[in-house]
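Q: Hey, I'm new to this one. Can you walk me through it while I have it open?

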Amino acid sequence: MQTAPGAVAARAVRDAGLRPATATSRRRASDAAAWKARRARPADAPTIHALIAEFAATGALLPRELAEIREHVDRFLVLVEKGKLLGCVALEPYGASLAEIRSLAVAGSAQGRGLGARLLDFSLAEARRRGFARVFAVTHAPGVFEKHGFARTSRHAVPEKIERDCHGCPKERHCEKLALVAVVAPERAALPIMQPVECAG
Ligand SMILES: CC(C)(COP(=O)(O)OP(=O)(O)OC[C@H]1O[C@@H](n2cnc3c(N)ncnc32)[C@H](O)[C@@H]1OP(=O)(O)O)[C@@H](O)C(=O)NCCC(=O)NCCS
């Protein structure tokens with residue numbers, strides 16, 4: 001029997017902080033001892049900015065201004081190894097029950113070791129802790145999110161996102177990013193806000 005996407009996300013929420021995201025990999029498990037996932041601090045803002053800028057240059061992420069990161073640094077989670085910030089992710093609120101997981105980035109030299117998965121687990125747990133019912137992401141890398149219980153949806157299911165970030169973007173009409181949604185607190189998601197649907201793209 002296939003596990004429901006919501007159940008996968010809920011399990012990720014439950015397990016976050018207790019195990020590396022991909023327990024099957026021995027290397028990742030031993031690596032995990034050296035990582036620390038924590039909430040970002042004001043002093044992290046320039047490094048977060050540089051990390052996001054690296055991937056904004058390739059189009060993988062939307063650029064973020066340093067001033068905006070500083071102002072909302074409390075929305076970021078980071079992953080640190082031996083004092084070096086290697087990854088970040090932001091949890092951006094859209095009202096009381098919905099948040100976007102955005103600006104997920106792992107330094108190129110540290111990719112493929114499970115850090116991205118760990119950051120996603122941490123952000124799902126944090127979303128639940130902050131009282132959100134659902135989270136969504138708009139991304140070129142849907143596979144990463146699908147492994148954490150996200151289901152594809154139409155970008156039109158998140159009109160607030162389109163209003164906030166897409167209007168004025170030169171790629172707005174030809175955007176290849178996909179929207180995905182996950183339930184992090186089923187007990188708070190009794191009233192459906194968004195219905196997962198097959199995405200044409
Ligand atoms: C996407 C990103 C955060 C993944 O980080 P990472 O630390 O390399 O990922 P992990 O090692 O934790 O891998 C997690 C899983 O996702 C998979 N994965 C990693 N990158 C992927 C991608 N671009 N597309 C699909 N799957 C991917 C891995 O194979 C792994 O699967 P497994 O657990 O079955 O082995 C990283 O590649 C990155 O920073 N990319 C640039 C920015 C970006 O595209 N961010 C996502 C959009 S918000």
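Q: Which residue in E3 does Val-78 stand opposite?
A: That's Cys-88. One caveat up front: this is a predicted model.

Q: Noted. How many bridges are there between E2 and E3, and in which sense do they pair?
A: There are 6 bridges, and the pairing is antiparallel. The hairpin they form has 2 residues between the strands, and Lys-82 in it takes a positive phi near 45 degrees.

Q: And what joins E3 to E4?
A: 7 bridges do, with strand E3, residues 84-94, and E4 running antiparallel. You can spot a couple of facing residues there: Tyr-94 stands opposite Leu-98 in E4, and Leu-91 has Ile-101 as its bridge partner.

Q: Which residue takes a positive phi in the hairpin of E3 and E4?
A: Gly-95, with a phi near 85 degrees. That hairpin has 3 residues between the strands.

Q: What actually holds strands together in a sheet, in general?
A: They pair through backbone hydrogen bonds, and that can be parallel or antiparallel.

Q: OK, zooming out. What's the strand order in the sheet here?
A: The order is E1-E2-E3-E4-E5-E7-E6. The sheet is open, has 7 strands and shows mixed pairing.

Q: Why is one side of E1 and of E6 left without a neighbour?
A: Strand E1 (35-39) and strand E6 (151-153) stand at the edges of the sheet and each has a single partner strand, so one side of each has no neighbour in the sheet.

Q: By how many degrees are neighbouring strands turned against each other?
A: On average by 30 degrees, ignoring direction.

Q: Which strands does helix H3 touch?
A: Helix H3, residues 45-56, packs on the sheet and touches strand E2 (76-81), E3 and E4. The direction of H3 makes about 80 degrees with that of E4.

Q: How many helices and strands does the protein have?
A: It has 7 helices and 7 strands. Going along the sequence, the pattern reads α-α-β-α-α-β-β-β-α-β-α-β-α-β.

Q: New topic: the ligand. Which residues come nearest to it?
A: Gln-111, Gly-116, Ala-117, Ala-141 and Gly-143, out of 21 residues around the ligand.

Q: Which elements supply at least two residues of that shell?
A: Strand E4 (98-106), helix H5 (115-129), strand E5 (134-139) and helix H6 (142-146) each do.

Q: What's the mix of classes in the shell around the ligand?
A: It has 11 nonpolar residues, 8 polar ones and 2 charged ones.

Q: I clicked on Arg-129. Where is it found?
A: In helix H5. It counts as partly exposed because it has 13 C-beta neighbours inside 10 Å. Its C-alpha atom and that of Val-184 are separated by 9.5 Å, with the two residues 55 apart along the chain.

Q: What share of the protein is made up of buried residues?
A: 39% of the 201 residues. As for contacts between residues at least 6 apart in sequence, 72% join residues at least 24 apart.

Q: Last thing: what's the mean pLDDT, and which elements have the lowest and highest?
A: The mean for the protein is 82, and 77% of its residues reach 70 or more. Among the elements, helix H1 (residues 5-15) has the lowest mean at 50, while helix H4 (residues 66-71) has the highest at 98.

Q: Where is the pLDDT below 50?
A: Residues 1-8 are one such stretch, with 10 contacts in the model beyond near neighbours in sequence. Residues 197-201 are also below 50, and that stretch has 9 such contacts.

Methods: Residues numbered from 1 in each chain as written. Predicted model: local features only at pLDDT ≥ 70, side-chain atom pairs only at ≥ 80, totals over all residues. Near = placed C-beta within 6 Å. Helix = DSSP H or I, 4+ residues; strand = E, 2+ residues; numbered from the N terminus. Nonpolar A, V, L, I, M, F, W, Y, C, P; charged D, E, K, R; others polar. Buried ≥ 20, exposed ≤ 12 C-beta atoms within 10 Å, placed from the backbone. Contact = placed C-beta atoms within 7 Å. pLDDT = per-residue confidence, 0-100. Pairing = 2+ DSSP bridges. Axes fitted to C-alpha atoms, helices over the stretch in contact; angles between N-to-C directions.
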